[in-house]
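Thanks for coming. I have one model to go through today, so please have a look at it on the screen.

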Amino acid sequence: MNNFHVRLGTEVADALREHRPVVALESTIVSHGLPRPDNLRVAREIEQTVRDAGAVPATIGMVSGQLVVGLDDAELTRLATVDGVSKLSVRDLAVAAATGADGATTVAATSAVAAAAGIGVFATGGLGGVHREAAHTFDESADLGTLARTPIAVVCAGVKSILDVGATLERLETLGVAVVGYRTRRFPGFYLTDAGFDLDWSVDSPEQVADVLAARAGHGVHPGGLLVANPLPIDEQLDPALHDRTLTEGLARLERDGVTGKAVTPYLLAHFHSATAGASLAVNVRIILRNADLAARIAVAAARRGD
Ligand code: PSU
Ligand code: MN
């Protein structure tokens, strides 16, 4: 907290002081991951879902160079609606602050800021990971390296199939990020319930995730992240045939348009939204709301333990 000039929203500050459950939320899905105008509506629904499950939402982002943990509704609206909001990973935070930028925080930046603020649970949709051409482009999300050194539990639905899922799991192992399936031993593929890879561990309840966090804190050994992979029920996943078609077309367009770097993920997400006529958006929203609910229940269980 001493390294950044961070403003805590009043409600978040009160909850942290009183050791009540708080769930961190990212803003990149709002500014760059979901299309307007649905993004603002969904951002508010995510916060409401966290509240309904008994925790305080702390959406993190940057407004005019000010890093905020617990954006208020006007700030959330601004990040969802104005043009020119930067996508901020951890390395960008200080530069964006010093130049007075508006910015949305990725999983990496949100995790780092949340942990610094004393928040232990974070809900998102999908994690960044290893891109399919990474062997040539070296394009691997900073989400992975950041989670290796950030003590936070991230609830997600795996990573999108736009990435190399197998390579992402290998990198998570190398980096020492623990991965547990929530009521499954198969790694979810975001839009799809099952990405085709086995997991070593599965947990059955929010209380059990809280037990994992308590054991880790008690051992004092592992400073890194815990990924809680929460799959969609199979009857709620995107139609696999539509998914495969859309992915193939999106990857071809990516190459045709020469898109690289941090523009890759938003480009492919936008392609999915338009090419599936909203079907992928509906699935995306379901995923985020389910993860927000589970994260809140984990935060509640962890607060009950009192450690
Ligand atoms: N995956 C998604 N939707 C998203 C993102 C990832 O399914 O919106 C966002 C998250 O904020 C994630 C970031 O941290 O993209 C990863 O971007 P990059 O690959 O440039 O690291
Ligand atoms: Mn990248």
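I will take the helix packing, then the annotated positions, then some backbone details.

This is a predicted model, in which local features need pLDDT of at least 70 and side-chain atom pairs count only at pLDDT 80 or more, while totals for chains, interfaces and linings use all residues. Residues are numbered from 1 along each chain as its sequence is written, and chains are lettered from A and ligands numbered from 1 in the order in which they are written. Helices (H or I, at least four residues) and strands (E, at least two) are DSSP runs, numbered from the N terminus.

Helix 13 first. Helix 13 covers residues 279–305, and helix 3, residues 38–52, packs on it at an angle of about 25 degrees with the axes 8 Å apart. That makes helix 3 roughly parallel to helix 13. On the terms: axes are lines fitted to C-alpha atoms, for helices over the stretch in contact, and angles run from 0 to 180 degrees between N-to-C directions. Angles under 35 degrees count as roughly parallel, over 145 as roughly antiparallel, 65 to 115 as roughly perpendicular and the rest as oblique. The crossing of helix 3 with helix 13 is right-handed, meaning that the near helix is turned clockwise from the far one by less than a right angle; anticlockwise would be left-handed.

Which residues of helix 3 and helix 13 meet? From helix 3 they are Asp 38, Val 42, Glu 45, Ile 46, Thr 49 and Val 50, and from helix 13 Leu 281, Val 285, Ile 288, Leu 289, Ala 292, Asp 293 and Ala 296. Contact here requires C-beta atoms, placed from the backbone, to lie within 7 Å. By class, the contact of helix 3 with helix 13 has nine nonpolar, one polar and three charged residues. For that count, Ala, Val, Leu, Ile, Met, Phe, Trp, Tyr, Cys and Pro are nonpolar, Asp, Glu, Lys and Arg are charged, and the others, Gly among them, are polar.

Helix 13 also packs with helix 10: their axes come within 8 Å and cross at roughly 55 degrees. Helix 10 is therefore oblique to helix 13, and this crossing is right-handed. Helix 10 contributes Pro 206, Glu 207, Val 209, Ala 210, Leu 213 and Ala 214, and helix 13 contributes Leu 294, Arg 297, Ile 298, Ala 301, Ala 302 and Arg 305. The contact of helix 10 with helix 13 divides into nine nonpolar, no polar and three charged residues.

Now the annotations. An unreviewed UniProt entry places the feature "binding site" at Lys 87, Val 107, Ser 141, Ala 142 and Asp 143. UniProt positions are in the numbering used here, feature names are shortened, and annotations may be inferred rather than shown by experiment. These residues are spread over 57 residues of sequence but cluster in space, with a largest C-alpha distance of 12.9 Å.

Two of them sit side by side. Ala 142 lies in helix 8, residues 142–148, and so does Asp 143. Are Ala 142 and Asp 143 buried or exposed? Ala 142 counts as partly exposed because it has 18 C-beta neighbours inside 10 Å, whereas Asp 143 is buried, with 29 other C-beta atoms within 10 Å. The cut-offs are 20 or more other C-beta atoms within 10 Å for buried, 12 or fewer for exposed, and in between for partly exposed, with C-beta atoms placed from the backbone. Setting aside residues up to four places away in sequence, Ala 142 touches Ser 89, Val 90 and Ala 108. On the same basis, Asp 143 is in contact with Thr 106, Val 107, Ala 108, Leu 127 and Gly 128.

The unreviewed UniProt entry also gives "binding site" at Asp 139. Asp 139 is in the loop between helix 7 (134–137) and helix 8, and counts as buried because it has 20 C-beta neighbours inside 10 Å.

Last, the backbone. The peptide bond from Arg 36 to Pro 37 is cis, with omega near 0 degrees, and Pro 37 lies in the loop between helix 2 (28–33) and helix 3. His 19, a residue other than glycine, has a positive phi near 55 degrees; with 12 C-beta neighbours inside 10 Å, His 19 counts as exposed. Phe 190 has a positive phi of about 60 degrees, although not a glycine, and counts as buried, with 28 C-beta neighbours inside 10 Å.

Definitions and conventions
Contact = placed C-beta atoms within 7 Å.
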